[in-house]
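Here is a short, informal tour for someone opening this model for the first time. Keep the 3D view handy and follow along.

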Amino acid sequence: MYDIERIRQDFPILGREVYGHPLIYLDNGATTQKPRCVVDAMTDEYLNVNANVHRGVHFLSQQATELHEQARETVRQFINASSTTEIVFTRGTTESINLVASCFGQALMQAGDEVIVSEMEHHSNIVPWQLLQSRRDISIKVCPITDEGRLDLATLERLFTPRTRLVSLCHVSNVMGTVNPIREVIAMAHAHDVPVLVDAAQSVPHMAIDVQQLDCDFLAFSGHKVYGPTGIGVLYGKEQWLDRMPPYMGGGEMIDRVSFERTTFNQLPYKFEAGTPDYVATTGLARALDYVSALGWSDIEAHEHGLTVYARQQMASIDGMRFIGPSDDAVVSFLVGNIHHLDLGTLLDRLGIAVRTGHHCAEPLMHRMGVEGTVRASFALYNTRQEVDTLVAGIRRVARMFA
Ligand code: PLP
């Protein structure tokens, strides 16, 4: 049974108050809270194991290396990659996408080649391609979305040309909660011999991901959005692509032999991991993934889906409520009447309710939907129906102030 009260005990921060009210944390799309086991594992490693990984013959270094490499294996299992050589640790989704844009772009794209993204992307899946564009003169094709907030698949199909080299697409929209038909898109792209990068920042925290089943070529996610620490993330890449890409940064760890005449590079995945990795954060990430796995996806998904549907139902009865996007998954974006999203967010905060306001790092999407910003409530495995009720009561209260 999904024992929500017991689960909440694992997250000490949920017990605190904000402005004299119990904290209601609904900004999980931005970052999630951390269970005690994650913080304890990291504290333990710093206090009892700490040593730099990979290079040491001494006991602590070997123990730290073992934890770090076990964490890679935990990630591999979590997304069902076929090998740990395909799991690159990065600082997060943003760095993972930048790595692909930079290295794939350098090795496998020429002036005039094309990358396809969509109108619903986070800035971190737009700007890296623009940077590549300024260096390599590639072009960026943008798949439109419907008024409902879904990918226009018919138009997507028409965007493919002989110059298309990559599709880079979010699995779940961080603003609208749209779950894209990613398998269909991957099949479509592969039919054109085009690889696909999946920005899974908002899907890995909410659903089981199997990279082999998806058959995606790259997949990026952030530890902090899936109950893990900040500053650690993952790039999954099929070996066939990673092998053909040059290193991202130069330095220690990523080399095989170095001389002033010639340097050779380390094997996968270390070729992409220059410098001392955040080996304590990788341990924290592994404990977070273990925590999620122990609860089990079917219960988590049922719980979060139930909350999202309930929130949409309850909120729909508020006068002037306008939803932005379909909220397939754990995210409800909205505006109420003429109330500015910042005012609404600020007044909800005074009631202890943490939501996010603004453009959510998706300015082109705001433009497409004809809004400056939205209020976004995003749910996690520890949120409750009572919290949704308090949110709805809070919105009503603010709306009355503006009536
Ligand atoms: N992609 C999506 C869809 C996101 O929601 C986010 C963060 O909100 C990112 C990418 C960037 O993640 P990070 O800042 O952890 O690198």
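Asparagine 180 is tucked away: its relative accessible area is just 3%, so it counts as buried. Keep in mind that this is a predicted model. You'll find asparagine 180 in the loop between β7 (164–170) and α7 (182–191). What does its side chain reach? The side chain of asparagine 180 gets to the backbone oxygen of cysteine 170, at 2.8 Å. If you skip the neighbours within four places in sequence, asparagine 180 is in contact with Met120, Leu151, Leu169, Cys170 and His171.

Now for the ligand. Which residues surround it? They are Thr93, Thr94, His122, Ser124, Asn174, Asp199, Ala201, Gln202, Ser222, His224 and Lys225. For three of these residues, here is how a polar side-chain atom sits relative to a ligand atom.

| Residue | Ligand atom | Distance |
|---|---|---|
| Histidine 122 | oxygen | 3.4 Å |
| Aspartate 199 | nitrogen | 2.6 Å |
| Lysine 225 | oxygen | 2.6 Å |

Next, a helix. α14 runs over residues 385–402, which makes 18 residues. From its first C-alpha to its last it reaches 26 Å, close to the 26 Å expected at 1.5 Å a residue. Which residues of α14 are buried? They are Glu387, Val388, Leu391, Val392, Gly394, Ile395, Val398 and Ala399. These buried residues cover an arc of only 160° around the axis, so they end up on the same side of α14. There's a general rule behind this sort of pattern: an α-helix has 3.6 residues a turn, so residues three or four places apart point the same way. Turn to the face of α14 that looks away from the buried side, and you meet the exposed residues Gln386, Arg400 and Met401.

How about the cysteines? Searching the whole structure turns up zero disulfides. Take cysteine 361: its closest cysteine sulfur belongs to cysteine 170 and is 13 Å away, so the two are too far apart for a bond. As for accessibility, cysteine 361 comes out as partly exposed at 33%, and cysteine 37 is partly exposed too, at 31%.

A few spots in the backbone are worth a look. Leucine 268 and proline 269 are joined by a cis peptide bond, with omega about 0°. Proline 269 has its place in the loop between β12 (263–265) and α10 (279–295).

Then there are residues with a positive phi that aren't glycine. Asparagine 80 has a phi near 50° and belongs to the loop between α3 (59–79) and β4 (87–90). Is asparagine 80 buried, exposed or partly exposed? At 30% relative accessibility, asparagine 80 counts as partly exposed. Tyrosine 227 also has a positive phi, about 75°, and you can find tyrosine 227 in the loop between β9 (218–222) and β10 (233–237). With a relative accessible area of 1%, tyrosine 227 is buried.

Last stop: glycine 370, in the loop between α13 (363–369) and β17 (374–378). Glycine 370 counts as exposed, at 62% relative accessibility. How far is its C-alpha from that of valine 179? The two C-alpha atoms are separated by 21 Å, while the residues are 191 apart along the chain.

Conventions. Residues numbered from 1 in each chain as written. Predicted model: local features only at pLDDT ≥ 70, side-chain atom pairs only at ≥ 80, totals over all residues. Heavy atoms only, no water. Helix = DSSP H or I, 4+ residues; strand = E, 2+ residues; numbered from the N terminus. Expected span 1.5 Å × (residues − 1). Buried < 20%, exposed > 50% of the residue type's maximum accessible area, 1.4 Å probe, protein only. Arc of directions from axis to C-beta. Disulfide = S-S within 2.5 Å. Polar contact = N/O pair within 3.5 Å; in protein donor to acceptor, adjacent residues only side chain to side chain. Contact = heavy atoms within 4.5 Å. Near = heavy atom within 4 Å.
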